[in-house]
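Here is a predicted model to reason about. Each question asks what lies behind a label.

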Amino acid sequence: MTTTPEAAGNAPVILEARGLKKHFPVTKGLLFSKITGWIKAVDGVSFEVRVGETLGLVGESGCGKSTTAKMLLMLEEPTDGSILFQGEDIHHTTQEKVKEYRSSVQAVFQDPWSSLNPRMRVRDLIAEPMVINWDMGRRELMERVIKLLNDVGLNEFHSNLFPHEFSGGQRQRLAIARALALNPKVIVLDEPVSALDVSIRAQIMNLLKDLQAEYNVSYLLIAHDLATVRYMCTWVAVMYLGQIVELAPVKELFDNPLHPYTKALMSAALPSHPDIVQDEMILMGEVPSPLNPPSGCYFHPRCPFVMDRCSVDVTESKEASPNHWVSCHLY
């Protein structure tokens with residue numbers, strides 16, 4: 001995706017990625033190692049996250065979704081491109097602004113067991129970010145912890161327990177409470193319900209939507225499950241081999257997918273109703289290696305609609321219809 005879309009709504013942009021790239025070196029040798037190539041994990045993605053809205057990133061495993069999230073969380077340094085928070089490039093600003101950014105962009109990870117310190121009581125887990133970043137008295141701190149616990153559907157007595165005393169769904173609620181502790185403006189949700197039982201996924205998704213309305217927080221949702229994306233998101237970006245191949249409002253994308261890869265993803269998902277008949281679309285071959293991606297359009301070796309120019313000409317993002325961007329030579 002080479003352009004940044006202008007959304008249909010009037011919500012201001014809070015977080016923006018422009019031409020974001022992350023290339024990992026491949027080395028050979030132990031003592032005198034030399035770089036023999038580059039793995040293009042993320043290869044030039046651009047998108048916007050707007051205030052109070054949810055942008056979903058979908059695609060196969062290994063397409064670069066989590067690497068993109070790590071760059072937004074400043075856990076990885078971009079090879080190229082920029083990340084703008086409230087219009088300011090976070091990699092070319094003051095330490096004060098970077099600290100503000102780290103407080104304003106939080107994360108909820110896939111596995112709540114590995115993201116919570118098992119040796120800390122719940123009250124200390126949730127209070128820790130506030131102790132580090134804010135000057136609060138003990139009483140005020142505990143009032144804030146109890147409010148956060150109540151907001152995520154837990155009670156005051158839970159504050160004295162340890163993470164191992166909770167179920168998986170409850171632990172994810174704790175992770176959400178901790179992420180909300182600093183009143184963030186953006187929360188990165190990395191597969192927040194995929195590790196949970198099906199019976200409680202809907203509860204967590206409803207909780208996240210309620211909290212979004214209450215706190216006016218924006219989400220970047222990374223997910224495989226298209227049903228989750230359809231329910232949670234305002235916008236959806238489809239990634240393939242480190243690039244965004246399609247971006248549109250959620251209803252528009254599901255009603256009218258344009259890119260062949262998006263159509264294949266839709267056909268592989270279960271329909272929302274058993275009576276719905278879906279067109280079957282099976283992709284041939286395997287996902288190419290990001291170490292040696294194909295020339296031209298990255299998707300052309302697997303595309304059922306491939307043309308001669310697809311193996312030569314690099315695709316560029318085009319607005320195929322209002323607020324619907326696609327990187328494909330068919331349009």
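Q: Why is Cys303 not bonded to the closest cysteine sulfur, in Cys328?
A: The two sulfurs are 6.1 Å apart. A disulfide needs them within 2.5 Å. So the sulfurs of Cys303 and Cys328 are too far apart for a bond. Cys310 is in no disulfide either, since its nearest cysteine sulfur, in Cys297, is 6.0 Å away. A search of the whole structure finds zero disulfides.

Q: What makes Cys303 and Cys310 buried?
A: Buried means under 20% relative accessible area. Cys303 has 14%, so the label fits. Cys310 has 8%, so Cys310 is buried too.

Q: How do you know whether Gln172 is buried or exposed?
A: Its relative accessible area is 0%. The cut-off for buried is under 20%, so Gln172 counts as buried. Gln172 sits in helix α6 (residues 168–180). Among the residues that Gln172 touches are Val108, Phe109, Leu196 and Ile204.

Q: What makes the link between the side chain of Gln172 and the backbone oxygen of Pro192 a polar contact?
A: The side chain of Gln172 reaches that oxygen at 2.6 Å. The limit is 3.5 Å, so the distance qualifies.

Q: Why is α5 called oblique to α7?
A: The axes of α5 (residues 138–151) and α7 (residues 198–215) cross at roughly 130°. Roughly perpendicular ends at 115, and roughly antiparallel starts over 145. The angle falls in neither range, so α5 is oblique to α7. From α5, Arg144, Lys147, Leu148 and Asp151 make the contact. From α7 come Leu207, Leu211, Glu214 and Tyr215. By class, four are nonpolar and four are charged, with no polar residues.

How values were computed
Residues numbered from 1 in each chain as written. Predicted model: local features only at pLDDT ≥ 70, side-chain atom pairs only at ≥ 80, totals over all residues. Heavy atoms only, no water. Buried < 20%, exposed > 50% of the residue type's maximum accessible area, 1.4 Å probe, protein only. Helix = DSSP H or I, 4+ residues; strand = E, 2+ residues; numbered from the N terminus. Polar contact = N/O pair within 3.5 Å; in protein donor to acceptor, adjacent residues only side chain to side chain. Contact = heavy atoms within 4.5 Å. Axes fitted to C-alpha atoms, helices over the stretch in contact; angles between N-to-C directions. Parallel < 35°, antiparallel > 145°, perpendicular 65-115°, else oblique. Nonpolar A, V, L, I, M, F, W, Y, C, P; charged D, E, K, R; others polar. Lists of a residue's contacts leave out its neighbours within four places in sequence.
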